[in-house]
Amino acid sequence: MLKVIHVTKKFKNTTAVDDISFTLDPGTIVGLLGPNGAGKSTTLKTIAGLLRKDSGEITIAGHINTSTEAKKRFSYVPETPELYEMLTVREHLQFIAYAYNVPDWAEKVTKLFARYDLLDKQDKLAKELSKGMKQKVSLCAGLLPEPDLYLFDEPMIGLDPKAIRETKLLFRELSGQGKTVFVSTHLLDSIENLCHRVLVMKSGKIIADGDIDTLRSQLGDGVNYSLEELFLGVTGDE
Ligand SMILES: Nc1ncnc2c1ncn2[C@@H]1O[C@H](COP(=O)(O)OP(=O)(O)OP(=O)(O)O)[C@@H](O)[C@H]1O
Ligand SMILES: [Mg+2]
């Protein structure tokens, strides 16, 4: 579904993403972990075509990531919601529906709003929303077009427990439909029983890649470490 081949992204003197390569299969939920500044957001933005890479190749369902064909296949939810202050909650989704030509969008939006407790917020302007509500709108906007690949940058931040549960359920549903979910997060507990595979980044490089049990057996020396202990061990922050 997604191929990232020898991709490097530099900002002046900083190599934010340093020659990374990986492939994501359809139907998988893949966690992207790493300490602050590791390069997670830069990786996701570069895949989404929002940042220009310095070298390497990225394809989505076989199409170069910046092509129109590729853009129809993924959605990207940024770490900070980017909403239009003067549009209402429902108008945001209507805008996405028109941009992506989403069939039956009105019913789909109502279902999403029901899941995220936004039904009574539909007519509020974005500028009137709380932080968590903005995050929910941003997530709904990413979910509405029903693409094959989802790039989520810390989607659980600011969400209440019910919305976190709904989001995890949604990820599982998407995976069951053969979709690919690539999600950066610091919430280790939330991925333990969710992600089929985790990539751990540090200083722009991928320093671990595998399913949690494999990482545990590779790094844990037979000890049943918690995900937090494994993470701190592998990133050298223990
Ligand atoms: N627009 C920018 N201009 C210059 N440097 C940047 C820019 N964006 C990110 N960086 C640098 O690139 C590196 C990777 O940043 P990135 O935002 O990808 O990290 P992250 O893993 O998402 O961190 P966090 O967990 O804090 O969200 C950092 O050193 C950061 O300072
Ligand atoms: Mg980030």
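How many bridges join strand β1 (residues 2–11) to β2? In this predicted model, seven bridges link the two strands, which run antiparallel to one another.

## The open sheet

Strands β1 and β2 belong to an open sheet of four strands, arranged in the order β2-β1-β4-β5 with antiparallel pairing. The edges of this sheet are taken by β2 and by β5 (63–64), each of which has a single partner strand, so one side of each is left without a neighbour in the sheet. Within the pairing of β1 and β2, Val 7 has Ile 20 of β2 as its bridge partner. These two strands form a hairpin with two residues between them, and in this hairpin Lys 12 takes a positive phi near 40 degrees.

On the other side of the pairing list, β1 is joined to β4 in the antiparallel sense over five bridges, and here Ile 5 stands opposite Glu 57 of β4. Strand β4 (residues 55–60) is in turn joined to β5 by two bridges, again with the strands running antiparallel, and Thr 59 stands opposite Ile 64 in β5. As a general point, the side chains of a regular strand alternate between the two faces of the sheet.

## The surroundings of ligand 1

The shell around ligand 1 is made up of Phe 11, Thr 14, Ala 16, Gly 34, Asn 36, Gly 37, Ala 38, Gly 39, Lys 40, Ser 41, Thr 42 and Glu 79. Two elements, β2 (14–24) and α1 (40–47), each give two or more residues to this shell, and the largest share, three residues, comes from α1. By class, the shell divides into three nonpolar, seven polar and two charged residues.

Helix α1 also deserves a look in its own right. Six of its eight residues are buried, so the helix is largely enclosed by the rest of the structure; the buried residues are Lys 40, Thr 42, Thr 43, Leu 44, Thr 46 and Ile 47. After α1 comes Gly 49, whose phi is positive, near 80 degrees.

## Two domains and their contact

The protein chain is divided into domain 1 (1–73 + 149–238) and domain 2 (80–146), and the C-alpha centres of these two domains lie 25 Å apart. Their contact takes eleven residues from domain 1 and nine residues from domain 2. On the side of domain 1 that touches domain 2, β7 (149–153) and α6 each supply at least two residues, while the largest share, four residues, comes from α6. That side of domain 1 has seven nonpolar, two polar and two charged residues.

## The largest nonpolar core

The largest nonpolar core holds 59 residues, of which Cys 140, Leu 151, Val 181 and Phe 182 touch the most other members. Helix α5 (residues 131–143) gives the most to this core, with six residues. Because domain 1 and domain 2 both give residues to the core, it lies between them. In soluble globular proteins, nonpolar side chains tend to be buried together.

Phe 182 shows how parts of the chain are brought into contact: with residues up to four places away in sequence left out of the count, Phe 182 touches Leu 2, Leu 24, Val 30, Leu 32, Tyr 150 and Leu 151.

## Two charged residues on helices

Is Lys 168, placed in helix α6 (residues 161–176), buried or partly exposed? With 17 other C-beta atoms within 10 Å, Lys 168 is partly exposed, because a residue counts as buried only from 20 such neighbours upward and as exposed at 12 or fewer. Apart from its neighbours within four places in sequence, Lys 168 is in contact with Ser 190 and Leu 194. Lys 168 and Glu 128 are 40 residues apart in sequence, and their C-alpha atoms are 27 Å apart in space.

Glu 228 lies in helix α9 (residues 227–234). With 12 C-beta neighbours inside 10 Å, Glu 228 falls in the exposed class, since that class takes in residues with 12 or fewer. The C-alpha atoms of Glu 228 and His 186 are separated by 10.0 Å, although the two residues are 42 residues apart along the chain.

Notes: Residues are numbered from 1 along each chain as its sequence is written. Chains are lettered from A and ligands numbered from 1 in the order in which they are written. This is a predicted model: local features need pLDDT of at least 70, side-chain atom pairs count only at pLDDT 80 or more; totals for chains, interfaces and linings use all residues. A nonpolar core is a set of buried Ala, Val, Leu, Ile, Met, Phe, Trp, Tyr and Cys residues joined through C-beta atoms within 7 Å. Domain bounds come from an automatic or database domain assignment. Two residues are in contact if their C-beta atoms, placed from the backbone, lie within 7 Å. A residue is near a molecule or strand if its C-beta atom, placed from the backbone, lies within 6 Å of it. Ala, Val, Leu, Ile, Met, Phe, Trp, Tyr, Cys and Pro count as nonpolar, Asp, Glu, Lys and Arg as charged, and the others, Gly among them, as polar. Two strands pair if DSSP finds at least two bridges between them.
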